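User: I would like to go through this model and ask, for each label, what criterion stands behind it.
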Amino acid sequence: MKTKFKYLLIALILMVSVFSCVKDNFNFDKWDKEINYEASFAAPVAWGDLSFTDALQMYDSTGLLIDNDDGYVSLQYLARVSSNKVNDIIFINDQNISGTVESPDISFVGFDSPGDTVSYIYTDYLTFSMFNAEAEIDSLIFKTGIMDIATNSTFFHSARLYVKFPSVTKNGVPFSTSFTYTPGGGNVVSLNNDFTGYNVDMTQTPANFNEIPVEIRLTLFWSGEVPNSGTVSFDVNMKTMQYKIMHGYFGENTLFFESDTIDISLFKSEEWDIESYLFMDPKFKIYYWNSYGVPSQFYFDHLVAHSDLQGDMNILDDANNLPIGPANPYDVNYAIVVGQRMLDSLKINRTNSNIDDVVNARPKWIQFKARATTNPAGLDHHNFVIDDSQIEVEVIMELPMWGYLYNWHSRDTAKVDLTDLQSDYNPLKRLMVRIDIQNGFPIEAFGQVYFTDENYVVLDSLFYTYEERLLSAAQVDADGRVLDFSRKVTKIEYVDARLKKLETCKYAIYTGQVNTTNASAGTVMKIYRDYRIKFDIGFEVDLGVEGNIDSISNEF
Amino acid sequence: MKRYILLFIFAGVFASAGAQQALTMYNMDRVMQTQFINPSVDVPYKFHIGGLLVPIVGQLPPPIYFNYGNNSFYYNHILHMGKGDKADNLVLDIPLFMDKLKKTTHMRFDTQIELLNLGFKLENMFLTVAITEKFKYGMSLPYDIFEFTLNGNMPYMQENKPHDFSGFGVDFTHYREFAVGGSMQANDKLSFGGRAKILFGMANVNTNFKELSLYTDPEDYSMTFTTDMKMHSSLPVYFDMNMLEVDSAGISLNEASMTAFEDNPASYFLNLKNIGLGFDFGASYKLTPEIDLYASITDFGFISWNTNPQNFLSKGEYDFHGLEVELWENDEEMDESLKDFADTLFNIFKPSLVETGYMTWLPTSFYIGGKYKFHELLHFTALYRGEFYRKSYMHSLTIGVNSNLTECISAHLTYSLAHHTANHIGFGLSARLGPVQWYLVTDSFTNMIWPQKATNINLRMGCNIVFGYKKIKSSASMRT
């Protein structure tokens with residue numbers, strides 16, 4: 001019995017022990033909640049395959065990249081201006097003509113019984129006052145025009161007045177109108193006569209220009225034994241007249257162009273500065289589009305480049321007798337046939353101007369004012385204009401990408417906040433950024449970032465060289481063309497110790513420098529559109545967290 | 001020393017053992033349910049009946065089978081009591097967990113409810129009929145999922161090898177089995193048997209990830225995602241898939257089918273559209289009067305799924321180099337570019353839906369074993385079990401001591417190497433009182449005592465009504 005009790009006791013102790021052990025294993029209150037997690041990840045971040053033109057436009061989106069005649073790339077900055085509207089220079093004034101027919105002008109012989117009539121006919125000339133005293137207009141076609149005619153009769157007989165403009169025709173029919181008066185007379189008017197589409201021939205008078213004839217005919221109808229005295233007067237007003245086309249000689253007129261500014265943003269950056277550079281073949285181009293049928297001359301009143309280094313530089317001063325200034329204006333091609341829009345151009349380069357000095361002085365903008373004058377050679381009756389005639393001018397500063405760039409550099413400061421690094425459980429143990437660049441540009445680049453505290457005391461630098469080469473320039477041949485890609489892999493690694501240095505970092509001072517291939521030796525290169533740069537950016541990161549899971553959760 | 005070497009080899013060979021079903025049950029030849037595993041077993045009754053549909057007896061206890069198997073780890077491989085200062089604390093042990101993980105971790109569950117089983121002796125044959133409700137479900141997790149999550153992608157990147165997630169899988173199958181079986185004595189030495197099963201599938205979800213990998217290039221860290229995935233489902237409800245645009249993409253339950261199911265849930269249990277066939281085969285051979293050999297194959301078959309069949313297919317490869325830097329002039333252009341990137345990814349990997357029937361195979365197992373009748377009351381057994389499951393081969397080895405203690409009671413004790421562990425001590429007991437027979441069996445009762453170390457939890461129990469017990473005579477040469 002005693003032995004059985006012993007066995008039973010042992011079995012009981014064993015069972016309690018086993019169940020106690022099981023219970024402990026599933027009692028989560030006993031979990032110490034300590035975790036130790038370490039993992040390393042690598043992943044790509046970004047990639048790109050950019051052409052030089054893409055890259056340049058990232059920096060300067062205002063410039064226009066073109067393939068120039070030599071096959072490589074030019075950067076253009078341009079402005080387009082137009083002359084004032086043709087109707088502001090060459091226009092038709094409101095015109096007026098009036099007259100009176102009086103009873104003494106009329107013979108009343110035999111005018112004494114019912115059915116008798118007497119008439120009086122005469123012709124007058126309407127002389128147009130013109131926009132320019134020299135103007136001698138031969139003809140025009142109205143785009144719009146209104147004529148109001150007001151008349152008055154004081155005759156005791158009934159009467160009829162005919163007014164006719166024989167040289168103002170539409171479909172070959174002259175414009176005319178008539179006015180009928182009852183015995184005793186009165187006012188009769190004809191308003192808003194529309195001249196739209198009428199041809200006006202101003203060569204049908206002795207003056208042979210600027211005039212049109214007006215025929216007046218008055219007829220009286222015997223209306224009883226009443227006095228034959230009286231008058232008929234008329235007043236013709238032509239207004240709101242605009243032409244579709246006008247021929248003749250328009251005299252000397254001055255066309256003003258809006259003043260404009262060409263911003264050269266390449267040199268406008270506040271962040272970047274250049275030690276030296278050379279554009280081998282800068283150009284200044286002026287393109288004209290002229291739809292005036294009038295001999296014209298174009299010139300700049302004002303053509304000044306502004307640079308911080310040289311101040312204002314007057315391009316006209318060194319124009320070497322180029323036809324661009326007031327003293328030597330440019331004869332612009334003009335339309336010979338109605339509807340023509342003639343293109344003309346003037347090109348200024350380093351051989352005929354000081355443009356290379358201007359460009360190499362880092363101009364931030366070029367400002368200009370321009371004018372054009374008509375009929376510099378005097379009287380010529382072959383002028384014509386249409387209602388939208390215009391002279392447009394495009395002024396282009398072209399910088400062909402042929403040359404070199406040396407020490408294009410920048411330095412700036414940015415505020416940074418790395419307080420997260422101060423966490424007791426900062427999981428970031430190592431960070432490595434890998435930048436792999438295959439460079440097809442004839443450009444090398446260096447960079448550096450300094451991390452400082454709030455007093456600008458340097459805590460660390462991104463690279464331990466003065467400036468790390470980020471881009472290795474592609475080699476060029478004798479003609480300045482890139483031969484092959486150059487490759488540079490840059491690894492920027494931050495381990496825990498370096499990260500700790502940055503805990504009090506407040507500022508990042510970053511510097512960068514860019515040169516073209518062998519720029520220091522004056523090697524020039526050309527940029528072609530097929531130049532490309534390829535890059536891959538990826539990172540490696542080591543994460544590690546060790547501690548109590550509740551504390552870690554609270555930290556985040 | 002020799003013993004330890006043998007034990008070491010023994011353990012090493014079966015270190016990759018997988019799920020087990022009835023390692024102890026296999027030799028409980030007084031219980032009719034052994035015919036589920038070896039149809040050639042000679043059951044010592046003229047008639048028996050059991051199952052949940054049998055009033056009173058069928059529910060005391062309910063005839064159920066439950067099995068959980070994990071081929072990689074158990075609870076203490078994640079959390080366990082510490083040492084030294086931590087002796088009274090549970091500690092999280094990720095290195096140990098990682099060390100225990102296999103190439104693919106299979107966590108499987110198997111639940112069976114016997115609705116009815118019936119057997120009777122006819123001449124030298126024994127015929128059976130059984131209806132069983134079966135639920136098999138589980139999840140497979142490839143090692144590389146844990147590797148990626150817990151160690152990151154750099155270790156593999158440095159070894160220049162991809163993370164292979166293709167072992168990932170989800171399985172759920174519910175089906176009903178109508179089995180008709182028979183065993184017969186061919187001669188004095190050989191007996192054989194078989195069961196033909198008509199299977200009625202109720203629900204299935206399964207995945208087949210032929211390829212799902214992530215390769216990180218050590219040179220530039222670019223990532224290559226490769227997929228060749230299928231997900232099949234046949235459920236009383238079906239899914240709506242909207243894959244026209246990435247913003248509105250999604251898979252959701254079809255509301256009409258949901259309503260129809262809620263209105264008539266019985267249709268789920270009476271579904272006869274998903275028909276399958278299955279077979280069990282078994283044979284026993286009396287090598288000597290003391291030694292019996294036997295072998296069996298179970299669950300060789302398939303189910304054809306035709307109720308709301310939906311197959312989601314995704315196949316593609318994508319090299320991710322990061323975001324492409326372009327000349328974005330404003331935020332809208334950048335957003336557009338990011339959207340294009342998302343669209344590209346979406347279009348490569350978006351699944352297509354094919355609504356045709358499909359077929360799933362049952363997880364077939366085979367057993368080979370032998371019995372040495374040392375004494376009329378003491379038999380020694382050995383049993384090898386193998387199973388193919390989701391490209392993995394799982395096996396186990398069991399040795400056992402079996403005794404029909406009395407005409408009414410039999411007891412069985414086994415020791416198994418399975419689930420990469422050697423701590424499976426099984427126990428089985430059958431007892432008969434008059435015509436009522438109870439049985440209870442587990443392949444690892446130690447795991448029930450120490451669940452924190454359990455890679456396998458297994459239990460089968462039930463009650464049968466039996467008549468006509470006929471003692472199977474042992475060989476004359478056997479010790480008495």
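User: What share of the contacts in chain B with a separation of 6 or more comes from residues 24 or more positions apart?

Analyst: That share is 67%, where two residues are in contact if their C-beta atoms, placed from the backbone, lie within 7 Å. This is a predicted model, in which local features need pLDDT of at least 70 and side-chain atom pairs count only at pLDDT 80 or more, while totals for chains, interfaces and linings use all residues. Residues are numbered from 1 along each chain as its sequence is written, and chains are lettered from A and ligands numbered from 1 in the order in which they are written.

User: How do you know what confidence the predictor places in chain B, and what is said of residues 1-20?

Analyst: The mean pLDDT of chain B is 87, with 92% of its residues at 70 or more; pLDDT is the predictor's confidence in each residue, from 0 to 100. Over residues 1-20 of chain B, however, pLDDT stays under 50, and the model has 39 contacts beyond four places in sequence for that stretch. Where pLDDT is low, the predicted coordinates should not be read in detail. For the model, the scores are ipTM 0.80 and pTM 0.71.

User: What makes up chain B in terms of helices and strands, and what does its C-alpha trace span?

Analyst: Chain B has eight helices and 25 strands, counted as DSSP runs (H or I over at least four residues for helices, E over at least two for strands) and numbered from the N terminus. Its C-alpha trace spans about 95 × 60 × 40 Å along the principal axes.

User: Why is Leu379(A) called buried or exposed?

Analyst: A residue is buried if 20 or more other C-beta atoms lie within 10 Å of its own, exposed if 12 or fewer, and partly exposed in between, with C-beta atoms placed from the backbone. Leu379(A) has 10 C-beta neighbours inside 10 Å, and therefore it counts as exposed. Leu379(A) is found in the loop between β21 (363-374) and β22 (383-386) of chain A, and its C-alpha atom is separated by 28 Å from that of Glu258(A), 121 residues apart along the chain. In chain B, buried residues make up 36% of the 480 residues.

User: What makes a set of residues a nonpolar core, and which residues have the most contacts inside the largest one?

Analyst: Such a core is a set of buried Ala, Val, Leu, Ile, Met, Phe, Trp, Tyr and Cys residues joined through C-beta atoms within 7 Å. The largest has 100 residues, and those with the most contacts inside it are Val393(A) and Met397(A); strand β12 (residues 231-249) of chain A gives the largest share, eight residues. Leaving out residues up to four places away in sequence, Met397(A) touches Gln76(A), Tyr77(A), Ile262(A), Ile264(A), Phe284(A) and Ile366(A).

User: How do you know that β1 of chain A and β16(B) pair, and in which sense?

Analyst: Two strands pair if DSSP finds at least two bridges between them. Strand β1 (residues 34-51) of chain A and β16(B) share two bridges in the parallel sense, which satisfies that criterion, and within β16(B) the bridge partner of Trp47(A) is Glu324(B). The two strands belong to an open sheet of five strands with mixed pairing, in the order β29(A)-β25(A)-β32(A)-β1(A)-β16(B).

User: Why are β29 of chain A and β16 of chain B called edge strands?

Analyst: Each of them pairs on one side only. For β29(A), the pairing is with strand β25 (residues 428-439) of chain A, through 10 antiparallel bridges, and Val433(A) has Ile492(A) as its bridge partner in β29(A).

User: What does the contact between the chains take from each, and how are the residues on the side of chain B classed?

Analyst: The contact takes 33 residues from chain B and 27 residues from chain A. On the side of chain B that touches chain A, elements supplying at least two residues each include β3 (79-81), α3 (143-151) and β16 (323-324). That side divides into 19 nonpolar, 10 polar and four charged residues, where Ala, Val, Leu, Ile, Met, Phe, Trp, Tyr, Cys and Pro count as nonpolar, Asp, Glu, Lys and Arg as charged, and the others, Gly among them, as polar.
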